[in-house]
Amino acid sequence: MKHADLGVLDGPVLLFGGPYSNVQALDAVIAAAAARGIDCGHMMCTGDVAAYCGAPGPCVQRLRDLACPVVAGNCEVQLASGASGCGCGFDAGSACDLLSAGWFGFAASALSADDKAWMGGLPNVTTFTHQGSRYAAIHGGATDISRFIWGNSDASVFDQEWQALEDHIGPVDHIIAGHCGIPFIRKTPKGRWINAGVIGMPPHDGRQQTRFAILDGGEVQIHRLDYDVAGAMRDMADAGLPDGYRRGLQSGYWPSEDILPADLRLPSLARG
């Protein structure tokens, strides 16, 4: 487990996950940070820079130019290693699994060897101190980079992951994670498990806006992100990617609800 420490970040910190090759959303979150006076050193990405959408190269270049801290997601690990699949942890035959064949191959072909080498050098966990508390940022779980951890996961899941992480890096007061795509803040006996959601896809709620979070004064607030949805959809169409995720950007509903726990799925009538 590669570990990077950022030292003390006592000012506001913008947390975001999953750009997912959606450069319009990435530009919007960079603008949101600038509007709040947050510099690049106080931005934290929880990985999966290149995924479902149509601009993997521009997304990687934006983040490399920005030089903000980025934690390796499963997509970075897989792309850096030359793997044949995304390693997202999807069940075989699920909608996510079937759709991944299209977007992962496109991302792999669109990125340069230098981009993939940058991905391969990213840390698996990044720590920093904020208002006297130690935070650790990871992608999915400490036991498995692509573990899906939801806001309603069993308490034992959080206990197991917290212990596994502390076995590697020592005690932490709060954990920042991503991967699942739906934002939540879960209070545990150890501290808060903070998932800022992702900026590249909406959180399956019927709205086009995506999500990011601001950590300020020890408090965390999740915010909606407006971006150029039509532009992101054009990029996907121009790349010849399957329709599923493109429609998801427009509708606000995932084409892959089968990845969700049953109690987080929506009634069919809600999707129209």
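In the predicted model, strand β7 (residues 184–187) is joined to strand β8 (residues 192–195) by four bridges, and the two strands run antiparallel. Within this pair, I185 of β7 has I194 of β8 as its bridge partner. Four residues lie between the strands of the hairpin, and G191 there adopts a positive phi near 160°. The two faces of β7 differ in their surroundings: F184 and R186 belong to the covered face, whereas I185 and K187 belong to the uncovered one.

The hairpin strands are part of an open sheet of six strands, arranged in the order β1-β4-β5-β6-β8-β7 with mixed pairing. Strands β1 (3–8) and β7 occupy the edges of this sheet; each has a single partner strand, so one side of each is left without a neighbour in the sheet. From one strand to the next, the twist averages 20°. In general, the strands of a sheet pair through backbone hydrogen bonds, in either a parallel or an antiparallel manner. At the β1 edge, β1 and strand β4 (residues 125–130) are paired in the parallel sense over four bridges, and A4 stands opposite T126 in β4. Helix α6 (residues 155–169) lies across β1, β4, β5 (133–137), β6 (174–177), β7 and β8, and the helix runs at about 95° to β8.

A further open sheet is formed by four strands in the order β3-β2-β9-β10, again with mixed pairing. Here the edges are taken by β3 (43–45) and β10 (219–225), each of which has a single partner strand, so one side of each is left without a neighbour in the sheet. On average, neighbouring strands of this sheet are turned by 25° against each other, direction ignored.

Strand β2 (residues 13–16) illustrates the mixed pairing of this sheet. With β3, β2 pairs in the parallel sense over three bridges; L14 stands opposite M43, and F16 stands opposite C45. With β9, by contrast, β2 pairs in the antiparallel sense over three bridges, and L15 stands opposite A213 in β9. The side chains of β2 point in two directions, V13 and L15 one way and L14 and F16 the other, and all four residues are buried. Helix α1 (residues 23–35) packs on the sheet and touches β2, β3, β9 (210–216) and β10; the direction of α1 makes about 165° with that of β2.

The loop between β2 and α1 contains S21. This residue has a relative accessible area of 1% and is therefore buried. When neighbours within four places in sequence are left aside, the residues in contact with S21 are V49, A50, A51, C53, G54, A55, P56 and C59.

Two pairs of helices were also examined. In the pair formed by helix α2 (residues 56–66) and helix α5 (residues 113–120), the axes come within 11 Å and cross at roughly 55°. The two helices are therefore oblique to each other, and α2 passes α5 in a left-handed crossing. On the α2 side, V60, L63 and R64 take part in the contact, where they meet D114, D115, W118 and M119 of α5. Grouped by class, the residues of this contact comprise four nonpolar, no polar and three charged. In an α-helix there are 3.6 residues a turn, so residues three or four places apart point the same way. The α2 contact residues V60, L63 and R64 can be viewed with this pattern in mind.

In the other pair, helix α7 (residues 229–238) and helix α8 (residues 243–251) pack at an angle of about 175°, with their axes 10 Å apart. Helix α7 is therefore roughly antiparallel to α8. The contact brings V229, A232, M233, M236 and A237 of α7 together with Y245, R246, L249 and Q250 of α8. Seven of these residues are nonpolar, one is polar and one is charged. In α8, the buried residues are G244, Y245, R246, G248 and L249. After α8 comes G252, which has a positive phi near 85°.

Notes:
Residues are numbered from 1 along each chain as its sequence is written. This is a predicted model: local features need pLDDT of at least 70, side-chain atom pairs count only at pLDDT 80 or more; totals for chains, interfaces and linings use all residues. Side-chain values use heavy atoms; hydrogens and water are left out. Two strands pair if DSSP finds at least two bridges between them. Axes are lines fitted to C-alpha atoms, for helices over the stretch in contact, and angles run from 0 to 180 degrees between N-to-C directions. Contact means heavy atoms within 4.5 Å. Buried means under 20% relative accessible area, exposed over 50%, partly exposed in between (1.4 Å probe, protein chains only). Angles under 35 degrees count as roughly parallel, over 145 as roughly antiparallel, 65 to 115 as roughly perpendicular and the rest as oblique. A crossing is left-handed if the near helix is turned anticlockwise from the far one by less than a right angle, and right-handed if clockwise. Ala, Val, Leu, Ile, Met, Phe, Trp, Tyr, Cys and Pro count as nonpolar, Asp, Glu, Lys and Arg as charged, and the others, Gly among them, as polar.
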